[in-house]
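Biologist: Could you take me through the salt bridges in this model, one pair at a time? I would like to know where the partners sit and how well each is covered.

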Amino acid sequence: MRSSVEIYDMATREAEVVWQTEDLVEAPNWSRDGEFLVINGDGLLYALSLDEDDPEPELIDTGFAVRLNNDHGISPDGASIAFSDHTLFGKSCIYLLGDGDEEPRQVTEKMPSYWHGWSPDGKQLAYCGDRDGVFDIYTISTKGGPEKRLTHGEGHNDGPDYSPDGQWIYFNSSRTGTMQIWRMRTDGSDLERLTSDGYGDWFPHPSPDGSKVLFLSYVEDISGHPRDKQVRLRLMDADGGNVETLFEFFGGQGSINVPNWSPDGSAFAFVRYFPVPD
């Protein structure tokens, strides 16, 4: 497959290609200063400049961690990056790497754990944890320690991301049979279902001003979040109202797994995939 890293402009409603490759790359984050994207490929992280006409990805040194998946994101102050990696334990573990750190610092003791969101104050991480085959939403201090379980085995719960005011955690859950978008308070209370129109909905990402939520939708009969499918990116109000389809494309897994809005909310990044001709 050819990977096409693109930026969708909310004002023009058009996508612009930033960089393409015949390698598999995934999950763009936007840097806090707006100057580059972070993408993953072949177990490593790369910075992709947005200030160059023909950028080439630059390797981000993650020390011993060389089996990263596509769960990674930059802290609110821009000083650290969180990511999930399999190198030491053979299971996904969450680490932090900040300025001056020689090696990644382990945050989660229980595994597998898949990072998905930073709290706006930079003190907490939200993630999906697989505990004996049960996928639930957890939070943990960036200093480590005990994890806090927010969901309790009601279907598959995944993809948590904080609202910018720190009041809500948005996530996807199959507790009703079909994967839908939900939100809850950061202590797990006031659970609300936000989508219910028959699609399989994944990876909700609130906009920086908190007014909108971007998410990815599969047709109903697709299980999980596979790659290489015809999918659509959709937008809704923070409370689930006014759902609209922005566009359809070939993608899925790897397209928007992690927070991907520009700092000012004027655009978002995603990855589109194309079959490579023989």
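Modeller: Happy to! Let me start with a cut-off: a residue is called buried under 20% relative accessible area, exposed over 50%, and partly exposed in between. Arg-2 has a relative accessible area of 24%, so this residue counts as partly exposed. Please keep in mind that this is a predicted model.

Arg-2 shares a salt bridge with Glu-22, at 3.4 Å from N to O. The two partners come from distant parts of the chain, 20 residues apart: Arg-2 belongs to strand β1 (residues 2-9), while Glu-22 is in the loop between β2 (14-21) and β3 (26-30). Glu-22 is exposed, because its relative accessibility is 52%.

Another pair is Arg-272 with Glu-6, joined by a salt bridge of 2.9 Å, N to O. Glu-6 is in strand β1 and Arg-272 in strand β23 (residues 267-274), so this bridge ties together parts 266 residues apart in sequence. Both partners are buried: Arg-272 has a relative accessible area of 17%, and Glu-6 one of 4%.

Then there is Arg-232, whose salt bridge to Glu-248 has its closest N and O atoms 3.4 Å apart. This pair connects strand β21 (residues 229-237), home of Arg-232, with strand β22 (residues 244-251), home of Glu-248, and the parts it ties together are 16 residues apart in sequence. Arg-232 is buried at 16% relative accessibility, whereas Glu-248, at 42%, is partly exposed. Asp-197, Asp-201 and Arg-234 are joined into one network by salt bridges that share partners.

For the wider setting, the count comes to 13 salt bridges, in a protein with 0 helices and 23 strands.

How values were computed:
Residues are numbered from 1 along each chain as its sequence is written. This is a predicted model: local features need pLDDT of at least 70, side-chain atom pairs count only at pLDDT 80 or more; totals for chains, interfaces and linings use all residues. Side-chain values use heavy atoms; hydrogens and water are left out. Helices (H or I, at least four residues) and strands (E, at least two) are DSSP runs, numbered from the N terminus. A salt bridge is a side-chain nitrogen of Lys or Arg within 4 Å of a carboxyl oxygen of Asp or Glu. Buried means under 20% relative accessible area, exposed over 50%, partly exposed in between (1.4 Å probe, protein chains only).
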